[in-house]
Structure formats: structure tokens, C-alpha cells
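Here are a few exercises to work through with the model open beside you. Try each one yourself before reading its solution.

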Amino acid sequence: CFLLLHRERPQPRELLASTLRRQRVGDKVPAYVFELDDLAAREGLDRIVIVRDCRAVTASTLARVRTGWSGRDWTRQIDTPAKVAANWVRAVESIERNARRLHVVRYEDLVEDPTSSARVLGEALGVEPGAFDLQLVRRPDGTRACRFLDATDLEAIEEVAGAAMRRWGYPVS
């Protein structure tokens, strides 16, 4: 099986029960990452996890919380930069605990050098790197974090997630 673990859902255990019967699953927002202790131990799965800078994750999450996800009860758990950063730290700690059984890709490395990322991922999965459509890899708009995060937000993020961000090679002031 090929499993891309990467999307938040209100009821991940029930969702996992149905998705594990599929050959491929791909998601964007990480809820499965909190099930990695169980999923990493399962045989027959390739687990790919994409990690992104906490600041970008926070900007994206807050944009959704303030727009499309607005008014949903569960968003209270992720409605401030510090809460999103704490959630990100929990996610990367889960990845770190299970790293030897995962294929981990840093998002920034993927967009900076998609060819190398595809080669490494292809080797890990036993797939020709040419099987990946690298035309789909696009650099994000770098101004998004600037629109949603001010200096106080960035300070809160780094206070909560700074140590983990450093471990993952993200610059911290």
C-alpha cells in the first residue's frame, strides 16, 4: 500500500478504518500524523509525511480558521498562533518518534529541488522518479505568512516551536 498521511479530520480513527482499505490515500492537513505510533507499526504500508515550516502552517491554518472553518467548535483548539505552533510541535514529535519507518520530505526541499526530492522518494518507494509529475510542484506565494502573521504572532510561534523548528532546519531568530 501507499499511504500519504496528511489531513485533519474530526474523527481520524473512523476515517483511517475506511482509508486503509484503499491502495493510495493522500491528504493535506495532518490528523493522521497523530496516529503514526499505530500506523508506523503496520506492515505493507509506505508512509510519506511532508513537513512544512511552522510559520507557513500557522499562516495557512489561521487563514482557514478565520474564513472557511470559521464558527466550527473544534477550531478553538487551533485559533491562535501559539495553539497552531503547539499542534505542529506535537505533529513533528510524532514524526520524530516514528522517523525510521517513514519517508519524510521537507516541503521547502521539495519546492526548492523537486527533481532531487523525487529521486530520493522514488528510491525509497521503489518507483522511477519520472513517475512523479513535477509540473505539479509549485513554489508557494511567500507573502501569505506576511498577510496573516505579525511580529507578535511570529514571536509566539517561535516561543512555542523554536526548538523543534531548529531541529528541522528552519531558521529561528
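**Exercise 1.** How many salt bridges does a search of the whole structure find?

*Solution.* A note on the input: this is a predicted model, where local features need pLDDT of at least 70, side-chain atom pairs count only at pLDDT 80 or more, and totals for chains, interfaces and linings use all residues. Residues are numbered from 1 along each chain as its sequence is written, and side-chain values use heavy atoms, with hydrogens and water left out. Take as a salt bridge a side-chain nitrogen of Lys or Arg within 4 Å of a carboxyl oxygen of Asp or Glu. The search then finds 10.

**Exercise 2.** Which parts of the chain does the pair Arg97 and Asp37 link?

*Solution.* Start with the contact: the two side chains form a salt bridge at 3.0 Å, N to O. Next, place the partners: Arg97 belongs to helix α4 (residues 81-97) and Asp37 to helix α2 (residues 36-39), so the pair joins distant parts of the chain, 60 residues apart. Helices here are DSSP runs of H or I with at least four residues, numbered from the N terminus.

**Exercise 3.** Is Arg97 exposed or buried?

*Solution.* Apply the cut-offs: buried is under 20% relative accessible area, exposed over 50%, partly exposed in between (1.4 Å probe, protein chains only). Arg97, at 51%, is therefore exposed. Its partner Asp37, at 43%, is partly exposed.

**Exercise 4.** Which residue caps the N-terminal end of α3?

*Solution.* Asp53 does, with a side-chain oxygen 2.8 Å from the backbone nitrogen of Arg55. Then look at salt bridges: Asp53, Arg55 and Glu158 are linked in a network of them.

Conventions
A polar contact is a pair of N or O atoms within 3.5 Å; within protein, one must be able to donate a hydrogen and the other to accept it, and residues adjacent in sequence count only if both atoms are side-chain atoms. Helices (H or I, at least four residues) and strands (E, at least two) are DSSP runs, numbered from the N terminus.
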